[in-house]
Amino acid sequence: MDDWEVGRFWDENAPAWTALARQGYDIYRNLVNTPAFLEVLPDIQGLEGLDIGCGEGYNTRKLANLGANMVGIDISSIFIQEAISQENIEPLGIKFLVASALELPFEDQSFDLATAFMSLMDMPNNEIALREAFRVLKPGGFLQFSITHPCFDTPHRKPLRDETGRTYAVEVGGYFDRIDGQIAEWIFSAAPKDIQQQWPKFRIPVYHRTISEWLNLLIDVGFVLEKFVEPKANDEITSQYPQIKDAQVVAYFFQVRCRKPS
């Protein structure tokens, strides 16, 4: 499966994903992953930024609100249409383009920073995407990205719950299994059942790599590793949203910042 075939899956997912996310049902993103990502992000005021795999533009807009001059790209034309529609309603000066992360339509050394929120692990040929990010960064620029945690988002995963329904552990397996394009089906669990039934489940091609594979890819591309984060849900969040208690038991996200040498 090549990148544009993957893009067709995301075109199919985009209407449901956008509608449910904008209703607040992507709670792992909104309450755990994105806040942790922004907390460790360096000052980006006035910098030229590229958001790779921007989806409907939620996180791209967060970055623009922090003062960066942002461009967002996604391989799904439906997602880009949704992002442009929101930009037209609330202009932040963001330029959104349909493009593949494996062939970025920009000249070398075009950006001060690049981000990828939960997108790189859904792409075939992750190493090409990382090389492209490296290419378009200026010397001294950085890439910061988040992916599902390779150690805990494994081919086999099962929450273990006590008699009260509280998650106390997560059973994982198949960590070393290499997966290239296997289709996973799911939908945001925070959405009420009647809302879920209004939409088809997402169908997402999965590309599983070990944590050492990811880090070695970054080193091989030429990046200097700078920061790692494994976000955890806090007590306030889990008291309000008990269904994400599992994000206190294991790390579902892995965040990396790496830099192109000056």
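In the predicted model, the buried residues of helix α5 are Asn126, Ala129, Leu130, Glu132, Ala133, Phe134 and Val136. The elements that cover these buried positions include the strands β1 (48–52), β4 (111–117) and β5, together with helix α7. An α-helix has 3.6 residues a turn, so residues three or four places apart point the same way. In α5, the buried set includes Asn126, Ala129 and Ala133 as well as Leu130 and Phe134.

The packing of α5 (residues 126–136) against α7 (residues 211–221) can be described further, the two axes coming within 10 Å of each other and crossing at roughly 40 degrees. Because angles under 35 degrees count as roughly parallel and those from 65 to 115 as roughly perpendicular, α5 and α7 are oblique to each other, and the crossing in which α5 passes α7 is right-handed. On the α5 side the contact involves Asn126, Glu127, Leu130, Arg131 and Phe134, which meet Trp214, Leu217, Leu218, Asp220 and Val221 of α7. The residues of this contact comprise 6 nonpolar, 1 polar and 3 charged. Asn126, Leu130 and Phe134 thus appear both among the buried residues of α5 and among those that meet α7.

A second helix pair is formed by α1 (residues 3–22) and α4 (residues 77–89), whose axes lie 7 Å apart and pack at an angle of about 35 degrees. Helix α1 contributes Trp10, Asp11, Ala14, Pro15, Trp17, Thr18 and Arg22 to the contact, while α4 contributes Ser77, Ile78, Phe79, Glu82, Ala83 and Gln86. Sorted by class, the residues joining α1 to α4 are 7 nonpolar, 3 polar and 3 charged.

Strand β5 (residues 137–148), one of the elements that cover the buried residues of α5, contains Ser146. This serine has a relative accessible area of 0% and is therefore buried. Leaving aside residues up to four places away in sequence, Ser146 touches Asn33, Phe37, Ala116, Phe117, Met118, Ser119, Phe254 and Gln255. Of these neighbours, Met118 belongs to the loop between β4 and α5, and its backbone has a phi near 55 degrees, a positive value in a residue other than glycine. Whereas Ser146 is buried, Met118 counts as partly exposed, at 21% relative accessibility.

Most residues other than glycine have a negative phi, and most peptide bonds are trans. Gln109, like Met118 a residue other than glycine, also has a positive phi, near 55 degrees. Gln109 is placed in the loop between β3 (95–98) and β4, and with a relative accessibility of 45% this glutamine counts as partly exposed.

With regard to the cysteines, the structure holds 0 disulfides. For Cys54, the closest cysteine sulfur is that of Cys258, at a distance of 19 Å, which is too far for a bond, given that a disulfide requires the two sulfur atoms to be within 2.5 Å. Cys54 is buried, with a relative accessible area of 8%. Cys151 is likewise in no disulfide, the nearest cysteine sulfur being that of Cys258, 18 Å away. In contrast to the buried Cys54, Cys151 is partly exposed, with a relative accessible area of 26%.

Conventions:
Residues are numbered from 1 along each chain as its sequence is written. This is a predicted model: local features need pLDDT of at least 70, side-chain atom pairs count only at pLDDT 80 or more; totals for chains, interfaces and linings use all residues. Side-chain values use heavy atoms; hydrogens and water are left out. Axes are lines fitted to C-alpha atoms, for helices over the stretch in contact, and angles run from 0 to 180 degrees between N-to-C directions. Helices (H or I, at least four residues) and strands (E, at least two) are DSSP runs, numbered from the N terminus. Angles under 35 degrees count as roughly parallel, over 145 as roughly antiparallel, 65 to 115 as roughly perpendicular and the rest as oblique. A crossing is left-handed if the near helix is turned anticlockwise from the far one by less than a right angle, and right-handed if clockwise. Contact means heavy atoms within 4.5 Å. Ala, Val, Leu, Ile, Met, Phe, Trp, Tyr, Cys and Pro count as nonpolar, Asp, Glu, Lys and Arg as charged, and the others, Gly among them, as polar. Buried means under 20% relative accessible area, exposed over 50%, partly exposed in between (1.4 Å probe, protein chains only).
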